[in-house]
Amino acid sequence: MADNEEMNEAQEEEQGHDQDTLTRVTGMYKDWFLDYASYVILERAVPAIEDGFKPVQRRIMHALKELDDGRYNKVANVVGHTMQYHPHGDASIADAMVQLGQKDLLIDTQGNWGNILTGDSAAASRYIEARLSKFALDVVYSPKITEWQLSYDGRKKEPVNLPVKFPLLLAQGAEGIAVGLSTKILPHNFNEIIDASIKHLKGQRFKLFPDFPTAGIIDVTNYNDGMRGGKIRVRARISQLNKNTLVITEIPHGTNTSSLIDSILKANDKGKIKIKRIEDNTAAEVEILVHLPGGISPDKTIDALYAFTSCESSISPLSCIIEDNKPIFIGIQEMLRRSTDHTVEMLKSELEIQLSELEEQWHFASLERIFIENRIYRDIEEEETWEGVIKAIDKGLKPHTKHLRRAVTEEDIVRLTEIRIKRISKFDLDKAQQNLESLEGKIAETKHHLEHLVDFAIAYFKNLKAKYGKGRGRKSEIRIFDDIEATKVVIRNTKLYVNREEGFVGTSLRRDEYVTDCSDIDDIIVFTKDGQMMVTKVDSKTFVGKNIIHVAVFKKKDQRTTYNMIYKDGRGGASYVKRFNVTSITRDRMYNLTTGKKGSDVLYFTANPNGEAEVVTVNLRQKGSIKKLKWDLDFADVLIKGRGSKGNIVTKYPIKRIELKEKGLSTLKPRKIWFDDTIQRLNVDERGELLGEFTSDDRLLIINQDGRVKTVIPELTMRFDDNIIVLEKWKPKKPLTVIYWEGDKELFYVKRFIIENPDKEEIIITDHPKSYLETIFTDYRPLAEVVFAKKRGQDRKDNLKINLEEFIAIKGITAMGNQLTREKVLEINALDPLPYEEPEIHEAAEIEVVDEENILPDETKVKPKADPSSNGEAEGPEGQTTLF
């Protein structure tokens, strides 16, 4: 307030002296800020749709063209020349020029221009050189159709926009932060842009997705045409070199090897991943070796690298461009349409200028021929004035100009007077006629192009692709990514302890009971003796509740871990049995697994990772006229319900103790597993090809094209090589049949074997460098057809059909096998196998997991029967059934 009063007083005092000098700061600020914001948006940060350049880039390209003589120029010299047009310092110009040069499209570079892979910066501008690329000379410049304006100081002329005949903005991409808005247009593939432009000109639909110079793998599911709200995910390409080494060969856009390695080391320091060391062998191509300590899963480590390091990142595009001196937001497809249409307009303008020039050449060549052939130059010998000369020539031309395409002007006559005597004396009528016919052919061709402008533009784009598209194939592979759950791949970097009596769990209770290894982002589930349960975050020390009976790492949405429990319902109440899963909860909330009555007590509790159902012996206390004090209870007879279910009555009498009689088998259905070839991952969500139903003991058979065979227990975090040829459920007694080329003997061999060491990876072909796997059969009774090569001068030998089961007996996996044939083979085809009936396997009855809300209160799998301990009473409380 005081400041406002002082300002008002100052203004009044100043107004008393001179009313004309009053200036309101508010208006000045508003106008100046808008002017500044407009300047930054239009003149610095955001590219124009017409040519795809920001002002500094446009001025660099203009300076390069002015200096162009085919040889390299010092970048410092180009920067200095650009400063005639760009009203800013040399550092910003040099940086912008280096970025243009690193995109390897418009500028032909020489010297150390930095490395986008390693993040190394370019050498000083006085040490590096540049010149325009052939592509830039063909596409960017056309002075005759360029609109010019004065430079900032009025001394020079510079282009308003360069006449770029290509969607350059999409090829190079652009990023800039202005005042009040920003732009982020991702680079796209050169050849794909041309193909999309051709499709647009043909009226066809097209799609366009980013392509990065650092390559990598990208997921463009949510690209949203490059508009606000879109997102793409980018990943490094990581593969397994051997069982203890991973190799990174491509990196995500926006990172470099230095920043990527730093993020990996930070994740290792935080305990998210566990690595031994890193080697950076990057030169012309990326090669980062990540060495793992023994016992660490390479598959899980790859997922952990994506989850906790810069090996995966998200990029949010924002397509903002300048059109007609205004910022607008349009999608990538619309941007390509406008750029392509603008290219067509540029081509049309060039053709129209070319046609005009050709017609002028034809007009003057025709006048010249008339002038010399009819010796009109002799008519001016006696003329004494310039006007007389002009009139004499005009009069001499009139009888011969009826076929001309326009009237003869005084300028035409003046040009005729400038013809030298030497040219007149050596004039060749035949050559003049040939020249006119050549010009007429070019005029007709140009008119044809103008009449068929779209076809001409399509041919133009095709020519660009043929001339400059070689070696510009897509670098970034497009895939659909799987979602990685961090808790499933994080390294267990700490230990969990419990003080059962006092009710504490945590990582700092080292003097108490050790539970398990865990990570600092895990959740843990805790059960107490009074029938309560809570899920909480791993911490150094957390109080849950006294008398803890079970604690473990919690897996969200886990429908396989089943908890078996017998509890007493309140002081002196009946005992109940229940089986339940815990799939989703609210963290740090205490849940009652009993009815909540005071004095409730858990009498028996087990956690079973595969739904195992044990048999227990229930011992009652001697009381009154109880006839039977001991009987067995099988948890397999109890339905799996929700955690809030009350359960089924065991007995209404006091229980002395419960003893484990027999360990149980899993009562859950085998798990169906699918393989999604798009992302090359296993899943249980019915995506891709069904591999089969798997129990905890079943394995996958994996065979690669290079002859490696192994079996593995399927895990959803597993990764697979691109060269897999067999991926199916392994049947231990099912033989495999292989036909392979033996490199040393140069013949095809056949072998049949059974995998005897499922935990060992083995090679099923010989180790000769020229040996290769031809065909593999996983059928019981396979058939093959051999097609022989035709010998010169002879008829082709009939195809040979072979029953491979009879051809060779089952031998060891390392056996060489039998020769298939000594004849030269053209190809080997797999035929439909002979029928085979597999022996039936009698499986145990399955127990279905049922949601609590879908069960009627009196629904049970246990039939009521007489209870000898209750004098024949078969039923307990309403809606429950007594179990024995």
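These notebook entries record what I looked up in a predicted model.

**Entry 1. Backbone angles**

I began with phi. Most residues other than glycine have a negative phi. I then found D104, which is not glycine and has a positive phi near 55°. D104 sits in the loop between α5 (90–102) and β2 (107–110). Its relative accessible area is 51%, so D104 counts as exposed.

I noted A215 as well, with a positive phi near 65°. A215 belongs to the loop between α8 (190–201) and β8 (217–219). Is A215 buried or exposed? I found A215 to be buried, with a relative accessible area of 11%; the cut-off for buried is under 20%.

**Entry 2. A helix pair**

I followed α8 to its packing with helix α16 (residues 453–468). Their axes lie 10 Å apart, at an angle of about 165°. Angles over 145 degrees count as roughly antiparallel, so I entered α8 as roughly antiparallel to α16. I recorded the crossing of α8 past α16 as left-handed.

**Entry 3. A surface patch**

I looked up a nonpolar patch on the surface formed by F33, L34 and Y36. Together these residues have about 310 Å² of accessible area. I placed Y36 in helix α2 (residues 25–45). Y36 is partly exposed, at a relative accessible area of 46%.

**Entry 4. Salt bridges**

How many salt bridges does a search of the whole structure find? I noted 48, and I describe some of them here.

I examined E360 and R406, whose closest N and O atoms are 3.0 Å apart. E360 lies in helix α11 (residues 332–373), and R406 in the loop between α12 (386–397) and α13 (410–417), so this salt bridge ties together parts that are 46 residues apart in sequence. E360 is partly exposed at 34% relative accessible area, and R406 is partly exposed at 31%.

I turned to D632 and K661, which form a salt bridge with an N to O distance of 2.4 Å. The pair links strand β30 (residues 630–634), which holds D632, to strand β33 (residues 655–666), which holds K661; these parts are 29 residues apart in sequence. I listed D632 as partly exposed, at 31%, and K661 as exposed, at 51%.

I also checked E761 and K710, with 3.9 Å from N to O. E761 is in the loop between β41 (747–753) and β42 (762–763), while K710 is in strand β38 (residues 708–712), so the salt bridge joins parts 51 residues apart in sequence. Both are partly exposed, E761 at 40% and K710 at 29%.

Finally, I recorded one network, in which salt bridges that share partners join R233, R235, D303, E312, D482, R681 and R719.

Definitions and conventions:
Residues are numbered from 1 along each chain as its sequence is written. This is a predicted model: local features need pLDDT of at least 70, side-chain atom pairs count only at pLDDT 80 or more; totals for chains, interfaces and linings use all residues. Side-chain values use heavy atoms; hydrogens and water are left out. Helices (H or I, at least four residues) and strands (E, at least two) are DSSP runs, numbered from the N terminus. Buried means under 20% relative accessible area, exposed over 50%, partly exposed in between (1.4 Å probe, protein chains only). Patches are made of residues with over 30% relative accessible area and no salt bridge: like charges are joined within 9 Å, nonpolar side chains (Val, Leu, Ile, Met, Phe, Trp, Tyr) within 5 Å. Accessible areas come from the Shrake-Rupley method with a 1.4 Å probe; for residues, only the protein chains shown count as cover. A salt bridge is a side-chain nitrogen of Lys or Arg within 4 Å of a carboxyl oxygen of Asp or Glu. Axes are lines fitted to C-alpha atoms, for helices over the stretch in contact, and angles run from 0 to 180 degrees between N-to-C directions. Angles under 35 degrees count as roughly parallel, over 145 as roughly antiparallel, 65 to 115 as roughly perpendicular and the rest as oblique. A crossing is left-handed if the near helix is turned anticlockwise from the far one by less than a right angle, and right-handed if clockwise.
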